[in-house]
2 protein chains.
Amino acid sequence: MGSLRVYLAGPEVFLPNAAEVGEEKKRLCAKYGVLGVFPLDTELEGQGRALGLAISAANEQLIRSSDLLVANMTPFRGPSADVGTAYEMGFARALGLPVFAYTNDPGRFGQRTRQFLSRLGELAAGHDRDTHEMSIEAFDLSDNLMLAGALIEQGYEPTHGQADLVQRFVDLHAFERCLALAAGHLQQK
Amino acid sequence: MGSLRVYLAGPEVFLPNAAEVGEEKKRLCAKYGVLGVFPLDTELEGQGRALGLAISAANEQLIRSSDLLVANMTPFRGPSADVGTAYEMGFARALGLPVFAYTNDPGRFGQRTRQFLSRLGELAAGHDRDTHEMSIEAFDLSDNLMLAGALIEQGYEPTHGQADLVQRFVDLHAFERCLALAAGHLQQK
(Lines give C-alpha, C1' and ligand atoms only; values in the text may rest on other atoms or scores of the structure.)
Protein backbone atom coordinates (compact mmCIF):
# COMPACT_ATOMS: atom_id res chain seq x y z
CA MET A 1 0.00 0.00 0.00
CA GLY A 2 3.08 2.22 0.19
CA SER A 3 2.55 3.62 -3.26
CA LEU A 4 -0.98 4.93 -2.70
CA ARG A 5 -0.82 8.71 -2.93
CA VAL A 6 -2.88 11.08 -0.77
CA TYR A 7 -3.06 14.72 -1.90
CA LEU A 8 -3.04 17.04 1.11
CA ALA A 9 -5.22 20.05 0.24
CA GLY A 10 -5.55 22.96 2.63
CA PRO A 11 -4.70 26.56 3.48
CA GLU A 12 -1.59 25.61 5.49
CA VAL A 13 0.37 26.46 2.33
CA PHE A 14 -0.05 30.08 3.47
CA LEU A 15 1.71 29.48 6.81
CA PRO A 16 5.25 30.80 7.32
CA ASN A 17 6.31 27.22 8.17
CA ALA A 18 4.21 25.60 5.44
CA ALA A 19 6.94 23.15 4.37
CA GLU A 20 7.38 22.00 7.97
CA VAL A 21 3.63 21.41 8.40
CA GLY A 22 3.66 19.54 5.10
CA GLU A 23 6.49 17.31 6.32
CA GLU A 24 4.58 16.56 9.53
CA LYS A 25 1.50 15.63 7.51
CA LYS A 26 3.63 13.36 5.34
CA ARG A 27 5.08 11.67 8.43
CA LEU A 28 1.56 10.94 9.62
CA CYS A 29 0.68 9.59 6.16
CA ALA A 30 3.65 7.20 6.33
CA LYS A 31 2.38 6.04 9.73
CA TYR A 32 -0.87 5.01 8.02
CA GLY A 33 0.91 3.34 5.11
CA VAL A 34 0.24 5.96 2.43
CA LEU A 35 2.35 8.55 0.64
CA GLY A 36 1.46 12.17 1.39
CA VAL A 37 1.57 14.59 -1.54
CA PHE A 38 1.84 18.26 -0.53
CA PRO A 39 0.96 21.16 -2.86
CA LEU A 40 4.45 22.64 -2.43
CA ASP A 41 6.20 19.40 -3.45
CA THR A 42 6.96 20.59 -6.97
CA GLU A 43 10.03 22.83 -7.24
CA LEU A 44 9.00 25.82 -9.31
CA GLU A 45 10.84 28.88 -10.54
CA GLY A 46 9.65 32.28 -11.63
CA GLN A 47 7.68 34.95 -9.87
CA GLY A 48 4.43 36.89 -9.89
CA ARG A 49 1.73 35.83 -12.28
CA ALA A 50 3.85 33.21 -14.09
CA LEU A 51 4.64 31.50 -10.79
CA GLY A 52 0.98 31.56 -9.75
CA LEU A 53 -0.02 29.86 -13.00
CA ALA A 54 2.80 27.31 -12.68
CA ILE A 55 1.66 26.38 -9.16
CA SER A 56 -1.91 25.96 -10.40
CA ALA A 57 -0.82 23.61 -13.21
CA ALA A 58 1.51 21.67 -10.89
CA ASN A 59 -1.20 21.16 -8.26
CA GLU A 60 -3.71 19.90 -10.83
CA GLN A 61 -1.06 17.45 -12.02
CA LEU A 62 -0.32 16.32 -8.44
CA ILE A 63 -4.04 15.64 -7.88
CA ARG A 64 -4.27 13.71 -11.15
CA SER A 65 -1.38 11.54 -9.95
CA SER A 66 -2.98 10.86 -6.54
CA ASP A 67 -5.38 8.15 -5.34
CA LEU A 68 -7.29 10.11 -2.72
CA LEU A 69 -7.58 13.66 -1.39
CA VAL A 70 -7.70 14.80 2.25
CA ALA A 71 -8.79 18.42 2.56
CA ASN A 72 -8.36 20.81 5.46
CA MET A 73 -11.73 22.59 5.40
CA THR A 74 -11.00 24.73 8.48
CA PRO A 75 -12.66 28.09 7.68
CA PHE A 76 -10.17 30.51 6.13
CA ARG A 77 -10.74 34.28 6.04
CA GLY A 78 -14.48 33.86 6.20
CA PRO A 79 -17.13 31.31 7.13
CA SER A 80 -16.01 28.72 4.54
CA ALA A 81 -13.03 26.63 3.53
CA ASP A 82 -10.26 28.21 1.46
CA VAL A 83 -11.49 28.52 -2.17
CA GLY A 84 -8.35 26.87 -3.55
CA THR A 85 -9.11 23.86 -1.34
CA ALA A 86 -12.75 23.90 -2.48
CA TYR A 87 -11.62 23.93 -6.12
CA GLU A 88 -9.30 20.98 -5.48
CA MET A 89 -12.06 19.02 -3.74
CA GLY A 90 -14.30 19.41 -6.78
CA PHE A 91 -11.43 18.58 -9.10
CA ALA A 92 -10.59 15.36 -7.23
CA ARG A 93 -14.23 14.37 -6.95
CA ALA A 94 -14.82 14.68 -10.71
CA LEU A 95 -11.70 12.57 -11.35
CA GLY A 96 -13.31 9.85 -9.23
CA LEU A 97 -10.88 10.15 -6.30
CA PRO A 98 -12.35 9.55 -2.85
CA VAL A 99 -12.47 12.93 -1.07
CA PHE A 100 -12.06 13.13 2.71
CA ALA A 101 -11.91 16.26 4.82
CA TYR A 102 -11.47 17.56 8.32
CA THR A 103 -12.08 20.92 9.94
CA ASN A 104 -10.87 22.35 13.22
CA ASP A 105 -14.07 24.34 13.55
CA PRO A 106 -16.80 22.21 15.10
CA GLY A 107 -19.66 24.58 14.18
CA ARG A 108 -22.39 24.47 11.58
CA PHE A 109 -22.14 26.57 8.42
CA GLY A 110 -25.32 28.58 9.00
CA GLN A 111 -24.43 29.68 12.49
CA ARG A 112 -20.83 30.44 11.52
CA THR A 113 -21.99 32.53 8.54
CA ARG A 114 -24.32 34.53 10.80
CA GLN A 115 -21.52 35.19 13.26
CA PHE A 116 -19.23 36.30 10.45
CA LEU A 117 -21.81 38.59 8.87
CA SER A 118 -22.63 40.04 12.26
CA ARG A 119 -18.96 40.86 12.75
CA LEU A 120 -18.93 42.65 9.39
CA GLY A 121 -22.19 44.46 10.20
CA GLU A 122 -23.83 42.69 7.27
CA LEU A 123 -26.36 40.46 9.01
CA ALA A 124 -29.91 41.57 8.22
CA ALA A 125 -32.65 41.75 10.82
CA GLY A 126 -34.28 38.33 11.02
CA HIS A 127 -30.86 36.68 10.76
CA ASP A 128 -31.70 34.58 7.72
CA ARG A 129 -30.28 36.96 5.08
CA ASP A 130 -27.35 39.35 4.72
CA THR A 131 -27.72 43.06 4.07
CA HIS A 132 -27.58 42.34 0.31
CA GLU A 133 -30.72 40.19 0.85
CA MET A 134 -28.77 37.05 0.03
CA SER A 135 -29.81 33.98 1.98
CA ILE A 136 -27.75 32.03 4.50
CA GLU A 137 -27.50 28.29 3.93
CA ALA A 138 -29.23 26.43 6.74
CA PHE A 139 -28.88 22.76 5.90
CA ASP A 140 -27.24 21.62 9.15
CA LEU A 141 -23.96 20.96 7.30
CA SER A 142 -20.39 21.93 8.15
CA ASP A 143 -19.87 24.12 5.06
CA ASN A 144 -21.40 24.97 1.68
CA LEU A 145 -23.55 22.08 0.46
CA MET A 146 -21.34 21.29 -2.54
CA LEU A 147 -18.36 20.64 -0.25
CA ALA A 148 -20.20 18.83 2.52
CA GLY A 149 -22.35 16.94 0.03
CA ALA A 150 -19.35 15.51 -1.80
CA LEU A 151 -18.03 14.05 1.45
CA ILE A 152 -21.27 12.71 2.87
CA GLU A 153 -22.36 11.12 -0.42
CA GLN A 154 -19.40 8.75 0.04
CA GLY A 155 -20.68 7.74 3.46
CA TYR A 156 -18.21 9.72 5.55
CA GLU A 157 -18.94 12.82 7.61
CA PRO A 158 -16.27 15.52 7.70
CA THR A 159 -13.95 14.86 10.66
CA HIS A 160 -14.45 17.61 13.22
CA GLY A 161 -11.71 18.76 15.53
CA GLN A 162 -11.61 21.62 17.93
CA ALA A 163 -8.48 23.74 18.19
CA ASP A 164 -8.04 27.22 19.57
CA LEU A 165 -7.90 30.03 17.04
CA VAL A 166 -4.11 30.31 17.08
CA GLN A 167 -3.57 26.58 16.54
CA ARG A 168 -6.40 25.89 14.16
CA PHE A 169 -4.25 25.79 11.01
CA VAL A 170 -1.48 23.65 12.50
CA ASP A 171 -3.27 21.31 14.93
CA LEU A 172 -3.21 17.88 13.25
CA HIS A 173 -5.35 15.79 15.61
CA ALA A 174 -8.44 15.93 13.39
CA PHE A 175 -6.22 15.47 10.36
CA GLU A 176 -4.85 12.24 11.80
CA ARG A 177 -8.32 10.88 12.58
CA CYS A 178 -9.45 11.77 9.05
CA LEU A 179 -6.32 10.13 7.61
CA ALA A 180 -7.00 6.93 9.56
CA LEU A 181 -10.50 6.87 8.06
CA ALA A 182 -9.14 7.55 4.56
CA ALA A 183 -6.45 4.86 4.87
CA GLY A 184 -9.10 2.40 6.05
CA HIS A 185 -11.17 3.29 2.99
CA LEU A 186 -8.22 2.55 0.70
CA GLN A 187 -7.52 -0.74 2.46
CA GLN A 188 -11.12 -1.90 1.93
CA LYS A 189 -10.78 -1.52 -1.81
CA MET B 1 -25.62 24.46 -31.58
CA GLY B 2 -28.93 24.72 -29.72
CA SER B 3 -28.27 21.60 -27.69
CA LEU B 4 -24.93 22.70 -26.21
CA ARG B 5 -25.44 23.11 -22.49
CA VAL B 6 -23.79 25.83 -20.40
CA TYR B 7 -23.86 25.36 -16.60
CA LEU B 8 -24.32 28.71 -14.87
CA ALA B 9 -22.36 28.59 -11.59
CA GLY B 10 -22.51 31.46 -9.14
CA PRO B 11 -23.75 32.83 -5.83
CA GLU B 12 -26.90 34.35 -7.35
CA VAL B 13 -28.68 31.21 -6.13
CA PHE B 14 -28.69 32.99 -2.74
CA LEU B 15 -30.64 36.00 -4.07
CA PRO B 16 -34.32 36.40 -3.13
CA ASN B 17 -35.10 36.51 -6.88
CA ALA B 18 -32.65 33.76 -7.82
CA ALA B 19 -35.04 32.04 -10.24
CA GLU B 20 -35.66 35.31 -12.05
CA VAL B 21 -31.92 36.01 -12.41
CA GLY B 22 -31.51 32.43 -13.65
CA GLU B 23 -34.20 32.99 -16.28
CA GLU B 24 -32.50 36.18 -17.45
CA LYS B 25 -29.19 34.33 -17.75
CA LYS B 26 -30.92 31.62 -19.77
CA ARG B 27 -32.46 34.21 -22.09
CA LEU B 28 -28.98 35.58 -22.74
CA CYS B 29 -27.71 32.03 -23.37
CA ALA B 30 -30.44 31.53 -25.97
CA LYS B 31 -29.35 34.78 -27.64
CA TYR B 32 -25.89 33.23 -28.08
CA GLY B 33 -27.27 29.92 -29.32
CA VAL B 34 -26.63 27.81 -26.22
CA LEU B 35 -28.84 26.29 -23.53
CA GLY B 36 -28.35 27.74 -20.04
CA VAL B 37 -28.47 25.26 -17.15
CA PHE B 38 -29.15 26.87 -13.76
CA PRO B 39 -28.37 25.16 -10.42
CA LEU B 40 -31.99 25.51 -9.33
CA ASP B 41 -33.35 23.80 -12.45
CA THR B 42 -33.95 20.48 -10.73
CA GLU B 43 -37.18 20.30 -8.71
CA LEU B 44 -36.28 18.88 -5.32
CA GLU B 45 -38.29 18.03 -2.26
CA GLY B 46 -37.34 17.67 1.37
CA GLN B 47 -35.76 20.05 3.82
CA GLY B 48 -32.72 20.64 5.98
CA ARG B 49 -29.77 18.37 5.59
CA ALA B 50 -31.48 15.95 3.17
CA LEU B 51 -32.37 18.83 0.84
CA GLY B 52 -28.80 20.18 1.00
CA LEU B 53 -27.41 16.80 -0.02
CA ALA B 54 -30.00 16.41 -2.79
CA ILE B 55 -29.05 19.82 -4.24
CA SER B 56 -25.38 18.85 -4.14
CA ALA B 57 -26.01 15.60 -6.02
CA ALA B 58 -28.33 17.32 -8.54
CA ASN B 59 -25.79 20.06 -9.29
CA GLU B 60 -22.99 17.56 -9.87
CA GLN B 61 -25.29 15.73 -12.27
CA LEU B 62 -26.20 18.97 -14.07
CA ILE B 63 -22.49 19.76 -14.56
CA ARG B 64 -21.83 16.23 -15.85
CA SER B 65 -24.58 16.77 -18.42
CA SER B 66 -23.20 20.14 -19.55
CA ASP B 67 -20.67 21.08 -22.24
CA LEU B 68 -19.16 24.17 -20.65
CA LEU B 69 -19.31 26.12 -17.38
CA VAL B 70 -19.58 29.88 -16.92
CA ALA B 71 -18.86 30.91 -13.32
CA ASN B 72 -19.74 34.12 -11.53
CA MET B 73 -16.54 34.70 -9.52
CA THR B 74 -17.71 38.00 -8.02
CA PRO B 75 -16.33 37.96 -4.44
CA PHE B 76 -18.90 36.63 -2.00
CA ARG B 77 -18.68 37.23 1.77
CA GLY B 78 -14.93 37.68 1.63
CA PRO B 79 -12.15 38.39 -0.84
CA SER B 80 -12.81 35.30 -3.00
CA ALA B 81 -15.49 33.67 -5.11
CA ASP B 82 -18.22 31.64 -3.40
CA VAL B 83 -16.74 28.26 -2.37
CA GLY B 84 -19.60 26.33 -3.98
CA THR B 85 -18.75 28.04 -7.26
CA ALA B 86 -15.04 27.28 -6.73
CA TYR B 87 -15.88 23.61 -6.15
CA GLU B 88 -17.96 23.52 -9.33
CA MET B 89 -15.17 25.15 -11.36
CA GLY B 90 -12.74 22.43 -10.24
CA PHE B 91 -15.33 19.75 -10.87
CA ALA B 92 -16.02 20.95 -14.42
CA ARG B 93 -12.33 21.39 -15.16
CA ALA B 94 -11.48 17.82 -14.14
CA LEU B 95 -14.32 16.54 -16.34
CA GLY B 96 -12.64 18.30 -19.26
CA LEU B 97 -15.30 20.99 -19.68
CA PRO B 98 -14.07 24.42 -20.76
CA VAL B 99 -14.41 26.75 -17.77
CA PHE B 100 -15.12 30.45 -18.29
CA ALA B 101 -15.74 33.04 -15.61
CA TYR B 102 -16.57 36.66 -14.99
CA THR B 103 -16.39 38.89 -11.95
CA ASN B 104 -18.00 42.23 -11.21
CA ASP B 105 -15.03 43.20 -9.06
CA PRO B 106 -12.25 44.62 -11.22
CA GLY B 107 -9.57 44.37 -8.51
CA ARG B 108 -6.63 42.06 -7.94
CA PHE B 109 -6.84 39.31 -5.32
CA GLY B 110 -3.91 40.51 -3.21
CA GLN B 111 -5.17 44.05 -2.82
CA ARG B 112 -8.73 42.89 -2.18
CA THR B 113 -7.55 40.43 0.48
CA ARG B 114 -5.60 43.22 2.22
CA GLN B 115 -8.64 45.49 2.22
CA PHE B 116 -10.79 42.69 3.62
CA LEU B 117 -8.31 41.78 6.36
CA SER B 118 -7.90 45.43 7.24
CA ARG B 119 -11.67 45.72 7.66
CA LEU B 120 -11.59 42.72 10.03
CA GLY B 121 -8.59 44.13 11.91
CA GLU B 122 -6.55 41.10 10.82
CA LEU B 123 -3.99 42.67 8.50
CA ALA B 124 -0.50 42.42 10.02
CA ALA B 125 2.00 45.26 9.93
CA GLY B 126 3.93 45.01 6.68
CA HIS B 127 0.70 44.17 4.83
CA ASP B 128 1.96 40.90 3.40
CA ARG B 129 0.53 38.57 6.09
CA ASP B 130 -2.55 38.36 8.27
CA THR B 131 -2.49 38.40 12.07
CA HIS B 132 -2.26 34.56 12.01
CA GLU B 133 1.01 35.02 10.04
CA MET B 134 -0.56 33.49 6.96
CA SER B 135 0.60 34.98 3.69
CA ILE B 136 -1.46 36.92 1.17
CA GLU B 137 -1.33 35.70 -2.43
CA ALA B 138 0.36 38.30 -4.61
CA PHE B 139 0.42 36.81 -8.10
CA ASP B 140 -1.36 39.65 -9.93
CA LEU B 141 -4.40 37.42 -10.49
CA SER B 142 -8.10 38.10 -9.98
CA ASP B 143 -8.59 35.39 -7.31
CA ASN B 144 -6.88 32.34 -5.76
CA LEU B 145 -4.38 30.86 -8.21
CA MET B 146 -6.28 27.57 -8.62
CA LEU B 147 -9.35 29.43 -9.91
CA ALA B 148 -7.56 32.03 -12.03
CA GLY B 149 -5.06 29.43 -13.26
CA ALA B 150 -7.77 27.12 -14.58
CA LEU B 151 -9.18 29.94 -16.70
CA ILE B 152 -5.95 31.39 -18.01
CA GLU B 153 -4.48 28.01 -18.89
CA GLN B 154 -7.21 27.76 -21.53
CA GLY B 155 -6.11 31.07 -23.02
CA TYR B 156 -8.91 33.24 -21.66
CA GLU B 157 -8.66 35.85 -18.93
CA PRO B 158 -11.56 36.15 -16.50
CA THR B 159 -14.03 38.73 -17.87
CA HIS B 160 -14.00 41.77 -15.58
CA GLY B 161 -17.00 43.96 -15.09
CA GLN B 162 -17.59 46.80 -12.73
CA ALA B 163 -20.90 47.12 -10.95
CA ASP B 164 -21.77 49.02 -7.81
CA LEU B 165 -21.97 47.03 -4.61
CA VAL B 166 -25.76 46.76 -4.63
CA GLN B 167 -25.91 45.53 -8.25
CA ARG B 168 -22.83 43.34 -8.26
CA PHE B 169 -24.70 40.05 -7.97
CA VAL B 170 -27.38 40.87 -10.55
CA ASP B 171 -25.58 43.02 -13.14
CA LEU B 172 -25.18 40.78 -16.21
CA HIS B 173 -23.04 42.94 -18.52
CA ALA B 174 -19.82 41.08 -17.73
CA PHE B 175 -21.74 37.79 -17.82
CA GLU B 176 -22.90 38.56 -21.36
CA ARG B 177 -19.39 39.41 -22.54
CA CYS B 178 -18.10 36.21 -20.95
CA LEU B 179 -20.91 34.22 -22.55
CA ALA B 180 -20.09 35.64 -25.99
CA LEU B 181 -16.49 34.48 -25.50
CA ALA B 182 -17.64 31.04 -24.33
CA ALA B 183 -20.10 30.63 -27.23
CA GLY B 184 -17.31 31.60 -29.63
CA HIS B 185 -15.11 28.96 -28.05
CA LEU B 186 -17.79 26.30 -28.61
CA GLN B 187 -18.30 27.40 -32.21
CA GLN B 188 -14.59 27.03 -32.98
CA LYS B 189 -14.68 23.37 -31.97
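Which residue is the bridge partner of Val6(A) in E2(A)? I began my notebook with this, keeping in mind that I am reading a predicted model. The partner I found in E2(A) is Gly36(A).

**Entry on strand E1 of chain A.** I then looked at the pairing around that bridge, and I noted that E1(A) and strand E2 (residues 35-37) of chain A run parallel and are joined by three bridges. Following the chain from E1(A) to E2(A), I passed through helix H1 (residues 18-31) of chain A, and I recorded this β-α-β crossover as right-handed. E1(A) also pairs with strand E3 (residues 68-72) of chain A, again in the parallel sense, and here I noted four bridges. Val6(A) appears in this pairing too, where it stands opposite Leu68(A) in E3(A). I also looked up how E1(A), which spans residues 5-9, sits in the structure: four of its five residues are buried, so the strand is largely enclosed by the rest of the structure.

**Entry on the sheet of chain B.** Turning to chain B, I traced an open sheet of five strands with parallel pairing, and I wrote down their order as E2-E1-E3-E4-E5. Strand E2 (35-37) and strand E5 (159-160) of chain B stand at the edges with a single partner strand each, so one side of each has no neighbour in the sheet. Inside the order, I checked strand E3 (residues 68-72) and strand E4 (residues 99-103) of chain B, which run parallel and are joined by four bridges. For Asn72(B), I found that the bridge partner in E4(B) is Tyr102(B). I also noted that helix H1 (residues 18-31) of chain B lies across E1, E2, E3 and E4 of that chain, and that H1 runs at about 145 degrees to E1(B).

**Entry on the two chains together.** How is chain A superposed on chain B? I found a rotation of 180 degrees, with 0.0 Å of shift along its axis, and an RMSD of 0.0 Å. This is the relation of a two-fold axis. The two copies use the same surface, since 100% of the contact residues of chain A recur in chain B.

**Entry on the H4 helices.** Last, I looked at helix H4 (residues 109-120) of chain A and helix H4 (residues 109-120) of chain B, whose axes come within 10 Å and cross at roughly 85 degrees. Angles of 65 to 115 degrees count as roughly perpendicular, so I entered H4(A) as roughly perpendicular to H4(B). On the side of H4(A), the contact is made by Phe116(A), Arg119(A) and Leu120(A), and on the side of H4(B) by Phe116(B), Arg119(B) and Leu120(B).

Notes: Residues numbered from 1 in each chain as written. Chains lettered and ligands numbered in written order. Predicted model: local features only at pLDDT ≥ 70, side-chain atom pairs only at ≥ 80, totals over all residues. Heavy atoms only, no water. Buried < 20%, exposed > 50% of the residue type's maximum accessible area, 1.4 Å probe, protein only. Helix = DSSP H or I, 4+ residues; strand = E, 2+ residues; numbered from the N terminus. Pairing = 2+ DSSP bridges. Right-handed = clockwise from strand over helix to strand, strands pointing away. Least-squares fit on C-alpha atoms with pLDDT ≥ 70 in both. Contact = heavy atoms within 4.5 Å. Axes fitted to C-alpha atoms, helices over the stretch in contact; angles between N-to-C directions. Parallel < 35°, antiparallel > 145°, perpendicular 65-115°, else oblique.
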